[in-house]
Amino acid sequence: MHIALLSRNRNLYSTRRLMEAAEARGHSARVVDTLRCYMSIASHHPSIHYKGQELEPFDAVIPRIGASITFYGCAVLRQFEMMGTQVLNDSVSITRSRDKLRSLQLLSRKGIGLPVTGFAHSPDDIPDLITMVRGAPLVIKLLEGTQGIGVVLAETNQAAESVIQAFMGMKANIMVQEYIKEAKGADIRCLVIGDKVVAAMKRQAAEGEFRSNLHRGGSASIIRITPEERSTAIRAAKAMGLKVAGVDLLRSNHGPVIMEVNSSPGLRGIESATGKDIAGQIIEHLEKSSAPKRKTPPKPKG
């Protein structure tokens, strides 16, 4: 196959590993800077141009679209889809998972475990919003935040009210969630490929920090997950429509609860923690899903 890797930076660990894995399995791969793609949207010959010329045809596209360029990145990916190119994760699934509120509503509809989450517009509703999520301590999250940025732990109802008022005053979109104290600053990242959890790691927050993101100084270690956690992660990825996903969950007193479903999960942490070739498994999944489906011959009559 000839594979395009939609990525802003060929030197990023995940991009580099996917390139190596593709080439190791006999494919050709090219890193294509998402923001240098531009499109001709036409009925008869839709095309993508890149750095002054029409981009060559690809058999498959692996999108590594950063959160800050979701809108443009998904427009480029849609163009590949229009041209009949196979994509690892499609534009609708990525858009769905990037909208934190929408993704939680979709997971809720599927009956998947979640922290109690509140969303409101008017400052007049703040006291009831706090009560709704079982009071402080509680977590306040910017809907546009990534990698733990824009996430605040409010220890008291008064502090929560002040922070929520401040965010609302800035016209920022926020959601308020119950704090899962029993998780003790740890979450579990499950790497889902197809209909399997192929790897899982525990991310533990640094001392004095409640956010377990590796970018915030958290540490990663291999963990054995329960059948319920495995099932929850697979169902969450499926609810988003993602073929490859990083599903973040917490261990609560009432079972696993989903924090986020990531459509471009980083590979460095989970490959280092588990020693598994995740990049190779992603390429293998792409091969299987692009292989022509063999039709079952009709049964002879009589």
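**Exercises: two annotated residues and two cysteines**

Glu-260 has its place in strand β16, residues 255–262 (strands are DSSP runs of E, at least two residues, numbered from the N terminus). This is a predicted model, in which local features need pLDDT of at least 70, side-chain atom pairs count only at pLDDT 80 or more, and totals for chains, interfaces and linings use all residues. Residues are numbered from 1 along each chain as its sequence is written, and side-chain values use heavy atoms, leaving out hydrogens and water.

**Exercise 1.** Describe the surroundings of the residues that the UniProt annotation "binding site" covers.

*Solution.*
- Step 1: the annotation, from an unreviewed entry, covers Glu-260 and Asn-262; such annotations may be inferred rather than shown by experiment.
- Step 2: Asn-262 is also found in strand β16.
- Step 3: Glu-260 is partly exposed at 32% relative accessible area, and Asn-262 is partly exposed at 21% (buried is under 20%, exposed over 50%, partly exposed in between; 1.4 Å probe, protein chains only).
- Step 4: leaving out residues up to four places away in sequence, Glu-260 touches Lys-100, Gly-246, Val-247 and Asp-248 (contact means heavy atoms within 4.5 Å).
- Step 5: with neighbours within four places set aside, Asn-262 contacts Arg-189, Leu-242, Val-244, Ala-245 and Gly-246.

**Exercise 2.** Work out why the sulfur of Cys-74 has no bond to that of Cys-37.

*Solution.*
- Step 1: the structure holds 0 disulfides (a disulfide is a pair of cysteine sulfur atoms within 2.5 Å).
- Step 2: the cysteine sulfur closest to that of Cys-74 belongs to Cys-37 and is 13 Å away, so it is too far for a bond.
- Step 3: Cys-37 is buried, at 1% relative accessible area; Cys-74 is buried at 1% as well.

Methods. Helices (H or I, at least four residues) and strands (E, at least two) are DSSP runs, numbered from the N terminus.
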